[in-house]
Every structure is written in structure tokens, then in C-alpha cells.
Amino acid sequence: MARRICVITGSRAEYGLLFWLLTDLQADPAFDLQLVVTGMHLAPEFGNTVQEIENDGFSISSRVEMLLSGGTPAAIAKSVGLGVIGMSDALERLRPDIVVLLGDRFEIFAAAQACMIHNIPIAHIAGGDTSEGASDEAMRHAITKMAHLHFATNEQSAARIRQLGENPARVFDVGSPGLDHLRRRPLLDRTALEQALEDSLGAQNLLVTFHPVTLHEDSGLAEFDELLAALEQLDPSIKLWFSLPNADAGGRAMSSKLLAWVEFHKSRARAYASLGPLRYLSLMANVDAVVGNSSSGLYEAPSLGVPTVDIGDRQSGRLAAASVLHCAAERGAILQAVNRAMALDCRGTVSPYGDGRATDRIIEVLRSMPDRAELLRKSFHMTGSERV
């Protein structure tokens, strides 16, 4: 009998990372894929990306509405509560053998809590990473403690998962599934990309993504002002391509400010609610640098040989390739780092996030995983000198 594998996605970025896993699970008769869509996918202001998922040929098993407008901590906390309720209803109906979750966002945190109460095993992708400037850090490690199989993106992260007391036999260093795109799907060439963007690239280009910094009292709005001030001082011939911030607290205020800035600079700036994985990675491959505080600058950009300017401490602690330049969230430091990055040749960069075969490794583990009762049994594994 095919095993029921439920995959839950709540954001455009996370769906892009899951795309090839969803594709292979759907094609494999050993699995019965159940896909639950929630969060930003169901919100028009974030691109209503559920339509992209359906256009890619995936059937949606359940839609869980959970996202409250407002963009405040109170709205996010209430959204988590709604997510637990909605996920509980979906899990009760779908009864999966295991749920696959990726990352650390609040939508996924809600899903993990519902799985835990329903005694449904969790396979967690990208646990053990660190990003010290965001509340994602705590949610990621909490999900690790609720999970039963762990697919780390690198050996450092796998070591942290073991340090959290998880069974080493259930921790697998598979690499980042985001790199599977680069191995399995041809990116758009410049002409096709310009048609897809409905605009022309400049002689020089920057891809800019800046998300809320959720541990800051102002959610990173002051840092975002510093970024815009730095971009203001760049050579006006440099074209700027923005993807809008996510739905974390402060994201809506940041989006409003960005859209006003882009409107004022419309001769050289564009903003998109969602570019989708193919356009986003194709654009990334064609720019002179990636700028902001998105994990994509650390995960995918190095494999494309594109330098990254990582601003502030949102990604602090995350493993980074030599092509990633960290800088303070201050306009002078940002401007200096951008100019330095645009002069770099990073084509020989080696990514610390694997070889683009993460999906193959995850499928192999899922194919041979123990039954549900055995998976649910966990014990705390001490490490090093403290082992008893």
C-alpha cells in the first residue's frame, strides 16, 4: 500500500524549495502525495501563489486559511492559533502516515504543533540552521524537537540537531533542496527572462529582497530605510529588481514603503509580489549581486556564481560561502559592500549546501522509514562528554 505523505507549504520561497520533492513524490507509486496549502499562498497581496502551484500540476488536498491582516505580533500570534485549528481539521481528514515540513516560519510552526497533538510523525527539512536575528530561530529548533526524521542542509546543521538530543540515526545531511532546481531545470536565458518579466534587464542589475527582522522592536524598518538610502546613492543606471517582503510582523509596512519607493524610481526599479522559482532563479543568475537579508542569497546565489550582500543580523550564524559579504545595516556600509560585490568574480564559488541531489536522498529515506509507531518513539541522545 502506498504511504500517505503529506507536504505542507505556506510561502512562495518554501514552495520553490519543495518543488522537486513534490514532483518526485507525486510520480512515485510508492507514495500517495497529499498537499496542504496555507498562509501567504492563499493571500492576494502575496501573489495568490496557490494558482502557481495548481498550474504546476499539483492537486491540493486541503487549503488552510490562517493569515490575519495587520502585520503585527498580535496578528501573527493569532494566525498561529488559527493555523493549529485549521491544520488539525485537515490532518483529521487526511490521516497521513507522515508530514513533511520545511524550515521555520510561523505557518510551519503551527502545522508542527497540530501534528504533535495528532501523533503524526514529522520529517523536517532544514533543521539545525541558525538565523540569530529572527524569531524563526526558536521556531526552527522547536520544530526539530517535534520531528522524527531530520533532513539537514549541511553537516554543521546536522551536528546541531544531534546536539539537541535527536537520534543520530534519524539525522541526514542531504543538502539544500533549493539547489535541485539548478541541476534539474534549465533556467531562462536573458531574452526569455525579459519576456517573462515583461521588462528589459539593465547593463548592471541587482536583485533585492529584504524581510522583517522579527527580533527588532521595529521589525527592521529602520534597517530597511538604510537599505533604500544606500540604493538611492547608487549609479542610477543600475537596475533594481525587488521581491516584496514576507508576511512576518512588519512585512506589510515594509511592502507599502517599498512600493512607494519603486513608484518614485520607476525608471530603474521593479517590484514583484512573487516571481516563482523559475523567474526568481533565472533573474538571480543574470544580476551582478543579490542584496538584502533573504536566505536565498546564502543558499542558491553561491551556486550560480553570484555575489551576495547580506545585511544586518537576520541571517547571522547561517553557514555562508566565500561569495557572501556581510555588512552592517547602515547606508555607508551597505553602499560599500554593494560596490565591492559588483566588482567580484564569484564564478568559482563552492556552495556549502550540497550538490543538488537533496530530493533523491530524502525520497530514499522516506521509502525505507520505519512504521508510524516506531517513528513516534523518541529518546534523548546525549552527546560528547555528557553522554550517560
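1. A good place to start in this predicted model is the stretch in which strand E8, helix H9 (residues 221–232) and strand E9 make a right-handed β-α-β unit. The two strands of this unit, E8 and E9 (residues 239–243), run parallel and are joined by five bridges, and one pair to look for is Asn205 with its bridge partner in E9, Lys239.

2. Strand E8 also pairs with strand E11 (residues 289–292), again in parallel, through four bridges. Here the residue to find is Leu207, whose bridge partner in E11 is Val290.

3. Is strand E8 (residues 205–209) mostly covered or mostly open? It is mostly covered, since five of its five residues are buried. In a regular strand the side chains alternate between the two faces of the sheet. In E8, Asn205, Leu207 and Thr209 point one way while Leu206 and Val208 point the other way, and all of them are buried.

4. Elsewhere in the chain there is an open sheet of seven strands, which pair in parallel in the order E3-E2-E1-E4-E5-E6-E7. Its edges are formed by strand E3 (62–64) and strand E7 (171–173), each of which pairs on one side only, and from one strand to the next the twist averages 20 degrees.

5. Within this sheet, the parallel strands E4 and E5 are joined by four bridges, and the bridge partner of Val99 in E5 is Ile122. Helix H3 (residues 73–94) packs on the sheet, where it touches E1, E2, E3 and E4, and its direction makes about 165 degrees with that of E3.

6. In soluble globular proteins, nonpolar side chains tend to be buried together. The largest nonpolar core of this model has 37 residues, and those with the most contacts inside it are Val7, Leu25, Ile125, Leu149, Phe151 and Leu366. Several elements each supply at least two residues of this core, including strand E1 (3–9), strand E2 (31–38), helix H2 (50–55), strand E6 (149–152) and helix H14 (358–367). Helix H1 gives the most, with eight residues.

7. Which residues does Leu25 touch, if those up to four places away in sequence are not counted? They are Ile5, Val7, Phe31, Leu33, Ile363 and Leu366, and a student can trace these contacts one by one, bearing in mind that Val7 and Leu366 are also listed among the core residues with the most contacts.

8. Apart from the largest core lies another one, of 33 residues, and among its members are Val213, Leu234, Leu258 and Met342.

Technical notes: Residues numbered from 1 in each chain as written. Predicted model: local features only at pLDDT ≥ 70, side-chain atom pairs only at ≥ 80, totals over all residues. Heavy atoms only, no water. Core = buried A, V, L, I, M, F, W, Y, C linked by side-chain atoms within 4.5 Å. Buried < 20%, exposed > 50% of the residue type's maximum accessible area, 1.4 Å probe, protein only. Contact = heavy atoms within 4.5 Å. Pairing = 2+ DSSP bridges. Axes fitted to C-alpha atoms, helices over the stretch in contact; angles between N-to-C directions. Right-handed = clockwise from strand over helix to strand, strands pointing away.
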